[in-house]
Structures are given as structure tokens and as C-alpha cells.
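Got the viewer open? Here is a short tour, one selection at a time.

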Amino acid sequence: MPNKYSPWMRFKVWVNGRVLLSEQLSMSTGNPVTIRIYLAKCRKHGYFEDSLHGYSKYMNCPNCIRQEAKL
């Protein structure tokens with residue numbers, strides 16, 4: 001699989017834990033809401049994209065979630 005993230009983005013993830021990839025405006029609830037998509041790195045599966053969740057603003061690796069669901 002070719003690496004689609006630049007070395008600069010990967011460096012920023014290494015330093016900060018995550019980096020902002022994009023912002024999207026969602027109107028699904030009738031009120032405009034900005035959804036921010038971040039790049040992060042899982043120790044097991046490598047880089048993944050996700051939005052922030054919960055009060056502590058954690059991120060979930062989709063491959064880790066799939067593995068836990070199979071158990």
C-alpha cells in the first residue's frame with residue numbers, strides 16, 4: 001500500500017499525537033456542525049483517520065475495534 005500521508009504529517013502525529021486533516025460542515029441535524037477529521041497512529045495497525053470522541057477527546061483505531069468485536 002503506498003503511503004498517502006506526507007512525512008511532515010507523520011512527523012506532526014509523532015510530536016502531537018494527531019494532526020487535523022480536514023473540516024466538514026454537516027447539516028444533518030438542521031444546525032450547522034463542524035466535523036474535524038484527524039490523522040493518528042495506532043501502535044498495532046499504523047495510521048488511521050477519525051474524529052474526536054467524548055469529553056476526553058479520544059480516538060478509536062477502526063482495526064482495533066474490529067478485532068474486539070470478533071472476540
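Start by selecting Leu25, which sits in strand S1, residues 18–26. Strands here are DSSP runs of E with at least two residues, helices are runs of H or I with at least four, and both are numbered from the N terminus. Residues are numbered from 1 along each chain as its sequence is written. You are looking at a predicted model, where local features need pLDDT of at least 70 and side-chain atom pairs count only at pLDDT 80 or more, while totals for chains, interfaces and linings use all residues; side-chain values use heavy atoms, with hydrogens and water left out.

Is Leu25 buried or exposed? Leu25 counts as exposed because its relative accessibility is 61%; the cut-offs are under 20% for buried, over 50% for exposed and partly exposed in between, with a 1.4 Å probe and protein chains only. Now show what touches Leu25: leaving out residues up to four places away in sequence, you get Pro32, Val33 and Thr34. A contact means heavy atoms within 4.5 Å. For a distance label, try Leu25 to Pro7: 28 Å from C-alpha to C-alpha, with 18 residues of sequence separation.

Next, jump to Trp8 in helix H1, residues 7–16. Trp8 has 56% relative accessibility, so Trp8 counts as exposed. Add Phe11, Trp14 and Val15 to the selection, and together with Trp8 you have a nonpolar surface patch of about 540 Å². Patch members have over 30% relative accessible area and no salt bridge, and nonpolar side chains (Val, Leu, Ile, Met, Phe, Trp, Tyr) are joined within 5 Å, like charges within 9 Å. A salt bridge is a side-chain nitrogen of Lys or Arg within 4 Å of a carboxyl oxygen of Asp or Glu. Accessible areas come from Shrake-Rupley with a 1.4 Å probe, and for residues only the protein chains shown count as cover.

Now pick the cysteines Cys42, Cys61 and Cys64. How many disulfides does the whole structure have? The search finds zero, with a disulfide being a pair of cysteine sulfur atoms within 2.5 Å. The closest cysteine sulfur to Cys61 is in Cys42 at 3.8 Å, too far for a bond. For Cys64 it is also in Cys42, at 3.6 Å, again too far. Cys61 is buried, at 7% relative accessible area.

Finally, zoom out to the chain. It holds two helices and three strands, in the order α-β-β-β-α. The C-alpha trace spans about 40 × 35 × 25 Å along its principal axes, and 21% of the 71 residues count as buried.
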